[in-house]
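Biologist: Please walk me through one part of this model in close detail, and then show me how the rest is built around it. Take as much room as you need.

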Amino acid sequence: MQQQDEQELITQSLNENHQAYGILVDRYKKAIYHHCFAIVRDEVIAEDIAQDAFIAAYYKLQKYNPQYKFSTWVFKIATNKALDWLKKTKREVRVDETVFESVPTTQPSPLVNAEYSELHRAIMRLAPRYRAVISLYYWQGLSYNDIAHALAVPEGSVKGWMRRAKDELKKDIA
Amino acid sequence: MKDIDKLLENAPAPKPQRVLREDFTQRIVQHINDTPPKQPWNKRFAAFFSLKTLQKPTAVIAIVISFIALSGSAYALANWPAITALFGGEQRLASGNHIVTINTENCAYTGQQDRYTVHYEIKQSSPLTNEEVVNMALGACEQSAMYKIINPRYEESRRPNHSVSTVSFVEVVALTDTTITVTPGLYPGSEQNNKNTTYKIDPTVKVYDYNKPIHLENIKVGDSVSLWRIDSRNISTEVPDYVEDISTMAITGIIKLKPLTGDPVRFYRLLGRDFVRTEQNKDGSFTRAYDFHD
């Protein structure tokens with residue numbers, strides 16, 4: 001019910017109404033950009049991947065499954081593109097200390113901020129797919145079911161990855 | 001040992017320090033505007049309503065809609081229909097919102113061929129007048145109907161090894177035998193710096209009045225048109241470093257359109273925010289087809 005205005009916009013997009021598609025892009029561009037950034041940790045690359053994901057989503061729109069939210073569909077494409085990019089470039093994600101300066105200053109204390117920074121650094125040391133799961137679940141608010149759809153794996157795998165990711169984080173920042 | 005669950009739940013997402021480029025959306029719209037999908041829209045539309053994803057009654061509706069959509073191609077070959085959207089009444093709701101009823105005719109947006117009545121629920125806080133809502137809905141009807149004319153012509157402008165792009169809903173400012181100057185397009189990012197643009201006209205240019213072939217001299221200053229452009233540099237618009245150069249663009253197709261009298265741009269901007277479509281129930285009450293997104 002809640003997403004049906006999106007389906008109307010999608011129908012219009014399929015009808016070559018690019019204005020309608022622009023509205024969908026506007027709704028989710030920030031979330032997709034932030035998610036890509038959480039995986040590749042490079043602002044320029046993250047923006048390029050986000051843009052590429054929206055373009056790819058448009059051309060694949062006929063394959064979109066209306067049972068899921070449009071945003072889940074774009075997260076799926078963006079996640080694959082971000083993971084592919086890391087794989088192709090065999091790039092180790094550089095943990096740039098300055099990035100953690102952007103942790104909001106409204107946090108209760110410098111000590112807590114330091115904990116979050118430590119957590120972010122530890123997350124960046126995780127395997128990319130674990131990083132993607134954490135970003136989608138904790139920061140983008142997707143359910144395990146949606147993440148399973150987005151990553152094209154069974155829900156049990158997502159839960160398993162999350163469990164292993166947390167185990168690694170515990171060891172890393174103990 | 002730190003509580004990872006609690007830490008993850010409370011930790012903010014790592015945020016990039018750099019904000020997205022201002023023209024992020026415009027670049028995407030520009031790209032898809034310049035590179036339309038190869039599959040005809042009606043097949044895509046039908047695919048969207050894939051039967052496997054729908055329940056039986058919905059599937060029947062989908063078949064009917066697809067049939068209407070497919071007949072739309074044949075419809076596009078007929079003369080331009082009169083498109084109307086007229087105010088059909090207002091009804092106040094207990095919530096303070098109100099319903100505006102619009103009677104449409106030949107409104108491609110609603111997926112109907114002839115007459116169809118649509119109802120929109122307008123938020124109490126919205127400053128929109130009923131006339132504005134009707135005008136916006138009319139714009140959506142007109143725009144959708146025109147795409148049905150424009151899209152089938154796209155293939156005609158294809159050339160081997162030349163990228164084709166389109167500029168739609170522009171107004172002719174000046175015209176000679178060899179050049180055409182038009183206003184910026186309807187879509188943000190579909191024009192050069194929001195200024196008028198002059199293109200060379202290819203000697204083989206095809207010109208239509210809706211769907212009827214006409215001569216170039218039949219195009220007049222002030223006409224609303226859709227243009228097909230090829231890049232004569234023999235390069236693809238899809239290469240990563242593609243930079244459009246107006247001086248190398250040539251117009252290979254012109255379609256004279258009926259000028260928009262409604263406002264589709266505003267319609268899509270406010271849809272879901274200020275108003276939503278509703279369905280009327282048998283008892284006269286209304287059910288939202290979708291909720292407001294704010």
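Modeller: Happy to! Leaving out neighbours within four places in sequence, Gly88(B) is in contact with Thr101(B), Ile102(B) and Asn103(B). This is a predicted model, so please read every value here as computed from it. Gly88(B) lies in strand 1 of chain B, which covers residues 84-92. Its relative accessibility is 41%, so Gly88(B) counts as partly exposed. A longer step along the chain leads to Val118(B): 30 residues separate it from Gly88(B) in sequence, and their C-alpha atoms are 9.3 Å apart.

Let's stay in chain B a little. Asn106(B) sits in the loop that links strand 2 (98-105) to strand 3 (115-122). Asn106(B) is not a glycine, yet its phi is positive, near 55°. With a relative accessibility of 14%, Asn106(B) counts as buried, because the cut-off for that class is under 20%. Further along the chain, Asp231(B) belongs to strand 8 of chain B, residues 224-231. Asp231(B) is buried, with just 1% relative accessible area. What does its side chain pair with there? The side chain of Asp231(B) makes a polar contact of 3.2 Å with that of Thr248(B).

Now for the chain as a whole. Chain B holds 6 helices and 11 strands, and 50% of its 294 residues are buried. If you take the contacts in chain B between residues at least 6 apart in sequence, 62% of them link residues at least 24 apart. One of the helices, helix 2 of chain B (residues 24-34), is mostly covered, with 8 of its 11 residues buried. Those buried residues are Phe24(B), Thr25(B), Ile28(B), Val29(B), Gln30(B), Ile32(B), Asn33(B) and Asp34(B).

That helix gives us a way across to chain A. Gln51(A), in helix 3 of chain A (residues 43-59), touches Arg21(B), Phe24(B), Arg27(B) and Ile28(B), sequence neighbours up to four places away aside. Gln51(A) is buried, at 12% relative accessibility. Tyr21(A) reaches over to chain B as well: apart from residues up to four places away, Tyr21(A) touches Ile28(B) and Ile32(B), together with Ser13(A), Phe54(A), Ala57(A), Tyr58(A) and Phe70(A).

Which members of the largest nonpolar core touch the most other members? They are Tyr21(A), Phe70(A) and Ile134(A), out of 92 residues in that core. Helix 2 of chain A provides the largest share of the core, 13 residues. There is a second, separate core of 17 residues, with Val167(B), Val170(B), Val172(B) and Met249(B) among them.

Chain A itself has 8 helices and 0 strands, and 59% of its 174 residues are buried. Among its contacts between residues at least 6 apart in sequence, 62% connect residues at least 24 apart.

How do two of these helices pack? Two packed helices are described by the angle between their axes and the distance between the axes. For helix 2 (residues 18-40) and helix 6 (residues 128-139) of chain A, the axes come within 9 Å and cross at roughly 145°. The crossing is right-handed. On the helix 2 side the contact uses His35(A), Ala38(A) and Ile39(A), and on the helix 6 side Arg131(A), Ala132(A), Ser135(A), Leu136(A) and Trp139(A). Sorted by class, this contact has 5 nonpolar, 2 polar and 1 charged residues.

In the loop between helix 2 and helix 3 of chain A you will find Arg41(A). Like Asn106(B), Arg41(A) is a residue other than glycine with a positive phi, in this case about 55°. Arg41(A) counts as buried, at 7% relative accessibility.

To finish, please look at helix 7 of chain A. With 7 of its 8 residues (144-151) buried, helix 7 is largely enclosed by the rest of the structure. The buried ones are Tyr144(A), Asp146(A), Ile147(A), Ala148(A), His149(A), Ala150(A) and Leu151(A). What covers them includes helix 4 (70-89), helix 6 and helix 8 (155-172) of chain A. Right after helix 7 comes Ala152(A), with a positive phi near 55°.

How values were computed
Residues are numbered from 1 along each chain as its sequence is written. Chains are lettered from A and ligands numbered from 1 in the order in which they are written. This is a predicted model: local features need pLDDT of at least 70, side-chain atom pairs count only at pLDDT 80 or more; totals for chains, interfaces and linings use all residues. Side-chain values use heavy atoms; hydrogens and water are left out. Helices (H or I, at least four residues) and strands (E, at least two) are DSSP runs, numbered from the N terminus. Buried means under 20% relative accessible area, exposed over 50%, partly exposed in between (1.4 Å probe, protein chains only). A polar contact is a pair of N or O atoms within 3.5 Å; within protein, one must be able to donate a hydrogen and the other to accept it, and residues adjacent in sequence count only if both atoms are side-chain atoms. Axes are lines fitted to C-alpha atoms, for helices over the stretch in contact, and angles run from 0 to 180 degrees between N-to-C directions. A crossing is left-handed if the near helix is turned anticlockwise from the far one by less than a right angle, and right-handed if clockwise. Contact means heavy atoms within 4.5 Å. Ala, Val, Leu, Ile, Met, Phe, Trp, Tyr, Cys and Pro count as nonpolar, Asp, Glu, Lys and Arg as charged, and the others, Gly among them, as polar. A nonpolar core is a set of buried Ala, Val, Leu, Ile, Met, Phe, Trp, Tyr and Cys residues joined through side-chain atoms within 4.5 Å.
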